[in-house]
Amino acid sequence: MRPGTLRGALVVFRKEWRDALRDRRSLVSVGLGSLVGPVLVVGMLHAVADWQREVEAMRLPIAGRENAAALVAWLDQQEGIEVVDAPSDPERAIRDRDEDLVVVIPPDYGEQFVASKPAKLRLLSDGARSSARPKVERVRGMLARYGAEIGGLRLIARGVSPQVAMPLEVDDVELSSAQERAASILGFVPLFVMLAAFTGGMQIATDATAGERERGSLEALLVTPASRASIAAGKWLAATALSASSVVLTALLCAVALGALPLAQLGMRFRFDASDLALLLCAALPLCPLAASIELYLSTFARSFKEAQTYMGLLLLVPMLPGVLSLVRPFSAEAWMYPLPFVGHHALLNAALGGQAPSILGLLVSAAASLVLSALLVAQAARLLTRESIVFGR
């Protein structure tokens with residue numbers, strides 16, 4: 001960029017930055033966009049922690065307790081289980097959501113048990129209720145463990161070792177760290193950071209192009225000595241600065257939220273200190289100029305401010321795609337991903353969240369690819385400003 005173009009770009013940048021700070025809509029969009037992600041993280045994980053506490057200390061309604069005294073006594077001895085009498089109409093109690101589940105022991109349970117036949121039980125639940133599923137899974141696991149113990153005792157009584165019924169013994173060897181496993185659960189944090197890069201500069205990018213054209217102030221700016229490249233670059237720098245501010249604020253709020261979460265109650269050990277935050281910002285900030293350049297180009301190309309807002313709404317789907325794909329087919333950071341927009345950023349953010357220091361080469365390649373693509377889009381936006389059909393509307 002030539003010195004004259006750079007000076008003109010800085011002048012336009014200061015003008016757009018002052019306008020953005022005066023515009024409450026821009027500040028509200030940055031604040032709300034940065035706040036939504038951490039609030040959702042805290043709310044969802046607190047809800048999960050509450051469900052976990054309910055599972056750890058739960059009431060277990062049983063109908064027909066007298067039909068299986070030994071089983072009921074065994075269940076009552078399990079940690080966090082309180083065996084209670086079931087309602088007179090268990091099915092209605094579940095439909096009315098008075099109970100999450102009910103174990104029904106039929107009268108012929110004892111006969112089948114003594115005859116060494118599979119003694120049938122009924123586990124009533126509502127599969128459409130997500131809050132009941134962890135409780136149902138825990139009860140199923142306890143019943144399966146009780147059945148395995150009884151099966152082993154029956155084999156011993158017949159002089160057969162229980163190991164005969166265990167042809168395989170599998171030892172699970174977990175190679176990932178607790179930080180990496182926790183990061184896989186907290187994988188939506190990179191998504192919120194990437195969305196902040198787009199929502200932060202969106203208002204200023206649309207208002208400084210399509211908005212100014214509708215107000216008629218763009219024509220006055222174009223007749224100044226500043227070149228088209230300076231004007232486009234200045235607007236891009238202003239949008240980038242606001243986008244970076246949104247990313248930093250979102251990352252800080254996420255760090256505070258992660259520190260306040262009851263992760264220990266969820267069985268997760270997670271550390272996120274200043275060094276991890278710095279790595280997260282190193283991976284996320286190069287996305288800001290790319291997001292701002294895309295928004296600037298689309299807003300310049302749009303026929304109206306309303307059309308530009310439509311493009312921005314569709315554009316928000318782009319940073320979500322890597323996160324959705326990672327849910328279907330999880331992937332880790334690899335060298336070929338770094339130059340790819342959004343995919344490389346998402347991989348680097350996941351690595352930083354998992355406590356793995358991203359490679360310096362990966363960070364540099366991702367940042368360089370973002371800056372090159374940003375420069376191309378800004379140049380295209382400057383070229384659009386030379387067309388009368390763009391400046392005066394189409």
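**Close-up views of a predicted model**

Phe342 is buried, with a relative accessible area of 12%. Here, buried means under 20% relative accessible area, exposed means over 50%, and partly exposed is anything in between (1.4 Å probe, protein chains only). This is a predicted model, in which local features need a pLDDT of at least 70 and side-chain atom pairs count only at pLDDT 80 or more, while totals for chains, interfaces and linings use all residues. Residues are numbered from 1 along each chain as its sequence is written, and side-chain values use heavy atoms, with hydrogens and water left out.

**View 1. The protein chain as a whole has 17 helices and four strands.** Helices (H or I, at least four residues) and strands (E, at least two) are DSSP runs, numbered from the N terminus. Of the 394 residues in the protein chain, 44% are buried. Among contacts (heavy atoms within 4.5 Å) with a separation of 6 or more, 75% join residues 24 or more positions apart. The accessible surface is about 20700 Å², with 62% of it on carbon and sulfur atoms; such areas come from the Shrake-Rupley method with a 1.4 Å probe, and for residues only the protein chains shown count as cover.

**View 2. Confidence varies along the chain, from helix 7 at the lowest to strand 3 at the highest.** The score is pLDDT, the predictor's confidence in each residue, from 0 to 100. Its average over the protein chain is 80, and 80% of the residues score at least 70. Helix 7 (residues 178-185) has a mean of 57, whereas strand 3 (residues 101-104) reaches 91. Where pLDDT is low, the predicted coordinates should not be read in detail.

**View 3. Phe342 sits in the loop between helix 14 (320-328) and helix 15.** Its phi is positive, near 70 degrees, although Phe342 is a residue other than glycine. Most residues other than glycine have a negative phi. Helix 15 (residues 343-353) is mostly covered, with nine of its eleven residues buried. Among these are His345, His346, Leu348 and Leu349.

**View 4. Helix 12 (residues 287-301) has the span expected from its 15 residues.** At 1.5 Å a residue, helix 12 should span 21 Å, and its end C-alpha atoms are indeed 21 Å apart. The expected span is 1.5 Å times one less than the number of residues. Twelve of the 15 residues of helix 12 are buried. Have a look for Cys288, Pro289, Ser293 and Glu295, which are among them.

**View 5. Helix 6 (residues 133-157) passes the span check too.** Its 25 residues should cover 36 Å, which agrees with the 36 Å between its end C-alpha atoms. The buried residues of helix 6 include Val139, Leu143, Tyr146 and Ile150. Glu137 and Arg140 form a salt bridge with closest N and O atoms 3.4 Å apart; the term means a side-chain nitrogen of Lys or Arg within 4 Å of a carboxyl oxygen of Asp or Glu. Both residues lie in helix 6, three residues apart, about one turn of the helix. An α-helix has 3.6 residues a turn, so residues three or four places apart point the same way. Arg140 is partly exposed at 46% relative accessible area. Helix 6 is followed by Gly159, with a positive phi near 75 degrees.

**View 6. Glu91, Arg95 and Arg122 are linked in a network of salt bridges.** In the pair of Glu91 and Arg122, the closest N and O atoms are 3.4 Å apart. Glu91 belongs to helix 4 (residues 90-95) and Arg122 to strand 4 (residues 122-125), so the pair ties together parts 31 residues apart in sequence. Glu91 is partly exposed at 35%, as is Arg122 at 44%. Asp89 and Arg92 also meet in a salt bridge (3.9 Å, N to O). A search of the whole structure finds seven salt bridges.

**View 7. Arg97 lies in the loop between helix 4 and strand 3.** Arg97 has a positive phi of about 65 degrees although it is not a glycine. Its relative accessibility is 55%, which counts as exposed.

**View 8. Val36 and Val42 are both partly exposed.** Val36 is found in helix 2 (residues 24-56), and Val42 is in helix 2 as well. Their relative accessible areas are 45% for Val36 and 25% for Val42. Val42 and Ala257 are 215 residues apart in sequence, yet 6.1 Å apart in space, C-alpha to C-alpha.
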